[in-house]
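Biologist: I am new to this structure and would like a close look at one part of it. Could you start from a single side chain and lead me outwards from there?

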Amino acid sequence: MDLKDRIKLVKRSTQEIITEEELINLLKNKKNPHAYLGTAITGKPHIGYFVWVLKLADFLKAGFKVTLLLADLHGALDNTPWNVLEKRYNYYSKIIPLMFESIGANIKTLNIVKGSGFQLKKDYFLDILKMSTFISINDAKKAASEVVKFGDNPKLSGLIYPIMQSIDEVYLDADVQYGGVDQRKILVFARENLPRLGYKPRIEVMTPLIPGLEGGKMSASVETSKIDLLDDEKTVTSKIMGAYCKEGEVENNGILAFLKHFVMVVKEDNKEKFIVKRDKKYGGDLKFNNYEQIENSFVRKELHPLDLKKALASEVNIILTPIRKKQKELDSLAKLAY
């Protein structure tokens, strides 16, 4: 893959890159740069996680070494009870690789790392203390405000969270940190403050957050906003059929957003069409080559929300097949963790 194609692959579906010029220079000068994403082991993974699974697969295709950080200690800092921390790590470490399998990603060069495996070492902790001596409480709280659940009585742990995430970039020896756009304040915080410890700033890559089934943010803590990876076929179909999807409207439409940022990306990569099955009396089946065709048809009200939902429900149930093959084991792990 040439440089132009590698850059295009890394950039696709992103909302912001800080900075694109640094990314291009990195790819020009380093054959196998290192990118990572950290996910705190808090709520149960849902279909929204497929957006970042797919993006990590893009990094792998583009020749990056990729690390997935299962951040157990970050989970504790964000109110995961300590007594279930290890159980949630076990669940994440089992189900996330199956998500990569679902999209046919080659994960031979994917490295999955447990946060506490390196975050409790002396040098790491010393750097946390060093950074804490020049970071104000307001700066730390502002950085974490879109990620950490502070509530009415904020805990000290939430202020440690962005400091650790910054230090992670160094101890994982990453060139790039990738995350959702909700991470932006922490990523900028890291760029601004790592040089004060004598470390280089990293490149930060962000993808948009997709709306939930009700139109607001997709959240693990709001059951009706998302599809759990362990939902059965009937539940998946029921949730999608009940989702907010007003005819002709694109904004806050979680159905269209999931198609745009995940389903149709996979379809196009595999050179497959998205098929909406309809009775002949309603015009017969519709076939789409890309997301733009779907959106245009939907806006023109040629594609009815009910037909679109049925087609998406079918796709999601196919995607979840590799996970369902391990249903019994995953159910057991989930019961212990949640």
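Why does Phe-125 count as partly exposed?

Modeller: Happy to show you around. This is a predicted model, in which local features need pLDDT of at least 70 and side-chain atom pairs pLDDT 80 or more, while totals for chains, interfaces and linings use all residues. Numbering runs from 1 along each chain as its sequence is written, and side-chain values use heavy atoms, without hydrogens or water.

Phe-125 counts as partly exposed because its relative accessibility is 47% (buried is under 20%, exposed over 50%, partly exposed in between, with a 1.4 Å probe and protein chains only). You will find Phe-125 in helix α7, residues 122–132 (helices are DSSP runs of H or I with at least four residues, strands E runs of at least two, numbered from the N terminus). On the surface, Phe-125 joins Leu-126 and Leu-129 in a nonpolar patch (members have over 30% relative accessible area and no salt bridge; like charges are joined within 9 Å, nonpolar side chains within 5 Å). Together the three have about 270 Å² of accessible area (Shrake-Rupley, 1.4 Å probe).

Phe-125 also belongs to the lining of the second largest pocket, where Phe-125, Leu-77, Ile-128, Ile-160 and Met-164 lie nearest the centre among 18 lining residues. The elements giving two or more residues to this lining are α4 (72–77), α7, α8 (137–144) and α9 (157–171). The volume of this pocket is about 330 Å³ (an open set of 1 Å grid points with protein on both sides within 12 Å along at least five of seven lines; lining residues have an atom within 4 Å of a point). Its lining has 15 nonpolar residues, three polar ones and no charged ones. Among the central residues, Met-164 sits in helix α9 and counts as buried because its relative accessibility is 6%. Between Met-164 and Tyr-49 there are 22 Å in space, C-alpha to C-alpha, and 115 residues in sequence.

From the loop between α8 and α9, we can step to a salt bridge: the side chains of Glu-146 and Lys-185 meet at 3.6 Å, N to O (a Lys or Arg side-chain nitrogen within 4 Å of an Asp or Glu carboxyl oxygen). Glu-146 is in that loop and Lys-185 is in helix α10 (residues 184–193), so the pair ties together parts 39 residues apart in sequence. Both ends are partly exposed, Glu-146 at 43% relative accessibility and Lys-185 at 35% relative accessible area. Elsewhere, salt bridges with shared partners join Arg-12, Lys-55, Asp-58, Lys-61 and Asp-269 into one network.

Within that network, Lys-55 and Asp-58 form a salt bridge of 3.1 Å, N to O. Both lie in helix α3, three residues apart, about one turn of the helix. Lys-55 is buried, with a relative accessible area of 2%, and Asp-58 is buried with 2% as well. Lys-55 and Asp-58 also help line the largest cavity, along with others including Arg-12, His-261 and Val-265 (a cavity is a set of points where a 1.4 Å probe fits but cannot get out). This cavity holds about 50 Å³ of space. Its lining divides into three nonpolar, three polar and three charged residues, and α3 gives the most, with four.

Notes:
Points joined across faces, edges and corners; volume = space filled by probe spheres on them. Nonpolar A, V, L, I, M, F, W, Y, C, P; charged D, E, K, R; others polar.
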